[in-house]
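Work through the exercises below with the sequence and the model open. Each task is followed by a worked solution.

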Amino acid sequence: MRKKSLIYSLLFQGGILLLLFILQFILPTYHHSSVSKIMVLASYAVAYNFLLGYTGLMSLGHAMFFAAGMYAAGLGIYYLELSALGALLFGAAFTLVISLLFGLFALRTSGVSFLIVTLMFGQTFYLSILYFNEFTFGQDGFSLAKHLGKLVIFNKEYLYSNPDVRYNFALILLTAYLLISTLIMFSPVGRILIAIRENESRTQLLGYNVYYYKLFALVLSGTFSGIAGAMHALLFTYVGTTFAEIHHSISPILWTLLGGAGTVIGPLFGTGIMYYLVDIISGITSNYQLVVGAVLILMIIWFPMGIMGTLRQKWMKWLP
Amino acid sequence: MVKKDLEKVDQASELNLSRRNVLGAGALVAGAGIIGSQMIDPIAGIAHAAGSDAPIKIGFQAHRTGIGALYGRWYERTTNAAVKHINSIGGIAGRPVEIITEDDGTDPKRGADVVEKLATQHKVDFVFGTLFSHVVMGSAPRAGELKIPYFVVSEGYHVASGALNRYVFQPCITDVRAQISAVSGWMFNNLGKNVTIIYPDYAFGYNHRDYASAAAEKHGGKIVAKIAIPPTESSYTRYFVKIPKNTDVIYHVMVGPGVLTFVRELGEHFGPNHPQLFGFIDSLEGVNISSPGLDFLDGSHFWEAMPRYASAADSAGSRFYRNAVGVDNSGASKSDSKDVAAYSHMFGCWETLFAIKEAVEQSGYKSKKDYATLIETMEGFTGFNEGIAHPQGSKAFSGKTHQCYGQQFVSKVGNGKLNVVHKTSIADGMYEPETDYTKQSL
Amino acid sequence: MSSWINENGPLLFLALLDGTVTAFVLALIALGLSLVFGVMRIVNIAHGEFFMLGAVFSWFAFDLTDDPLWGFLLALVLAPALVGGIAVFSDRFILRKIKYHPESTIVATIGLLYVIQSLTLIVFGPEARAVEAPLYFRIQFPWFGYSGYKLIVAGMSALGLLGVWLLMIRSKLGLYMRATQQDLEIAKTYGVPTKKIYAAVFALGGGLAALAGVLVVPIRQADHLMGLEPLLLSFIVVIIGGLGSIRGTIVAAFIIGISDGIISVFYEPTLAKMLATLFVAMVLVLKPSGLYGEEVA
């Protein structure tokens, strides 16, 4: 039964990814670019969901991880002239260390306390970027446009800002995250994480070292967020404190909950819907924030499990 | 009758002093021909245009929401007024101008998306209108990648510093480096030599800290203290105790909602015995000088880019502009006296649209494939003449830095108004170019 | 040693004065949040917006009456009432519908934050506006001047805190609130109208924040974005003090208010904020439920 669920899940997600792949040949320029960005941001949300949806820990400071990866990669390219791959690896490594240190600390708290610790650390990270502004360029930020080399594939050169490069790299990132998340969710580790979410004390009673599992989830979630940040720097070139601010911590929460926390692919839908909602509404009224707020409230009242969550409940019981 | 003559005179002065030879001269003749035919009958100009090409679409990246909303509101009003006037005199190269506005929320992330949307979905010819420097940094590189001309109305030093790309211009609003260099000389020579700078702890503030310090060396002044204040601060009294006793002048550039508190607390702290104050009107854009708590500013001085209060010294062009954008003689909206204008910034939108008009007409730009010609033409401009098109004043323009240089004003607060006491020359704010965009490929 | 006092004494004194005022106001705002946490077990992300609304309504009162004192008195009564009303409305039509589920509440209150902020932008406008203090007098110390009104703010906040304490200890409402906080199920069994209590608590929380806004706006200014900073600060206060503990909230507010004042005077403010956060993290690691808190899951 679980094997069947796994296969259905991979097929379903594979189908969506295939659809995204094909879409790039049909989409007009503007939407092509939007979807690229959505996929990178959705990867951030998928990483976030790993902590929230599966382990049940809500963090209000995840922008710290995203920005850590972004700044490590960006500053690495700017000052150390790292290659793109080098920057990604550097971003990943840096974020790994940060999430590990943070986790060792913060996981001594849980629930609301955990939420607020993440909030505060997120703020501190943001402040430290401002504090070291001579090195990090502070609030203004900087662009990697003139510092990135060219991508060489099969002896052909491409700019990283090339629409096809952007789209496909974003797609590869998203695919990797979805695959890894799904596989973990179907593995014994995943089952234990879900058990922790459902009832932590009982899981502890059963003999599992809950702390280590939570740490694993946090480090994975944080590091993947950082890699998404590094990829964002690479493909969209701008590195700035706007990605370390609290709004960028709130965003993945919205995307995940809208799409369905606790479903692997939910965050993708959540990110896409929110992105286009803001886009379409800001074409109609300058007060899109009002509409977004109203939509959020209505959404959470009528679809508290998010879109995919509700779908799973009603029709697609096998969805991870 | 008189008004038409004024328009004729001003249109003649709008024609730029261009160094570009063949192409420029040819375009000049063509442009002159079109403008000339419109001078004969400005109203028929529209009918003339309708028969010719499609509208010129200009994308306006507006700070409609977020921390820049106050400026965004006035930028939009000024833009609409400018377009209305331009279309009434025949549009650009005989084509009507269409503005497409998108809100970037004063957020660099959205800025890049907005540039994208304007360029690829709305397919505009040009994008303009950004003010806040972090949004400029987030958006301008995208314009370079998309290869669409991007006109900044920011007063940031980013364009001239070489940090951006050849598609980016700031043709009609001066940058902070020039502003500070120009007026701090006056400050050191007229208010006092020992200066304490109080500035916000981010880029805008650092510019002031650095360039004022450089000016101090030049004019024999001394910066006795530099006090940085974090942007989220809501109370300033604890910083005032750090002001040295021998301070002659407090140079302050606080921006954001906290300014009202800042001034009030400064007054509470010092009482009647206080040093001279020198500020920048950025602190009070959109704020009425007679607001509660601002009485402490009486007798103090402010830098202005364009004097908020009308005076007898205003040129005809300036008066025309003030009327067109709906601002009364005290710098507030004619329809709501509580709605004070961002008068030292918004003119940048008006003038930039005219600069675009001039560049298009001189280069013979018809469509996107003419971008290179347009850019090269603009790089050949040496300046703009004062008039209806450029009411803030005459400007010099550097093709290398893509930046204009202009006059600055020092005004004194008195009798509930700001009265101009000094006008700098364009040369006062010039500096050696630190970059040369013309050497970059397009 | 004495020369250090001579040099830094005034700084210290100013820091203490300012810190005390900050602490009192912070205590008021954080108390609202803490009560809501404690009784309803939810996080209200829109709490800062209630504070902002208090300040904005105060400006309207000032604009309406054109007199600082009458405007202030009007706002003192009206603003908390109006904000309390908005809170009750939100509780009835939003929070109750999502059954106070913690995660859903966070999303819903974020939505509420966006709605309140954008409506304020439309009605009030993007610019900051000043409100005159109802009573203005300047105290001249030997080293600097100080606003007398700030001391009034501290005093009135103290009264507000006292009022809440009396409410909790002496009144029936307070009894019901404490019962609901202790054990919801048992409180229901004893006939406590928990639904109404929830509404009352949410209204009280919002009202306290609004009151702080009214008190504070003459020494700051009103603008639609002013709610974020107090929100973050009150989160910190509540977490250090311990969820649901009034005493803890007040103690923590003072620790944070005064230490922030002192550290900022002697060190760079940005650095001070960073250090403060790390300090808070330390506290949490050593005592995860905060100084006075009970264990909360």
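The exercises treat one chain, then its interface with another.

The model is predicted: local features need pLDDT of at least 70, side-chain atom pairs count only at pLDDT 80 or more, and totals for chains, interfaces and linings use all residues. Residues are numbered from 1 along each chain as its sequence is written, while chains are lettered from A and ligands numbered from 1 in the order in which they are written.

**Exercise 1.** Describe the make-up of chain B.

Step 1. Chain B has 14 helices and 17 strands (DSSP runs, H or I of at least four residues for helices and E of at least two for strands, numbered from the N terminus).

Step 2. Of its 442 residues, 60% count as buried, that is, with 20 or more other C-beta atoms within 10 Å of their own, C-beta atoms being placed from the backbone.

**Exercise 2.** Find the domains of chain B and describe their contact.

Step 1. Domain 1 covers 2-174 + 314-406 and domain 2 covers 177-304; such bounds come from an automatic or database domain assignment.

Step 2. Nine residues from domain 1 of chain B and 12 residues from domain 2 of chain B form the contact (C-beta atoms, placed from the backbone, within 7 Å).

**Exercise 3.** Analyse the side of chain C that touches chain B.

Step 1. Count the residues: 29 of chain C are in contact with 26 of chain B.

Step 2. Find the main contributor: α1(C) gives the most to this side of chain C, with five residues.

Key. Contact = placed C-beta atoms within 7 Å. Buried ≥ 20, exposed ≤ 12 C-beta atoms within 10 Å, placed from the backbone.
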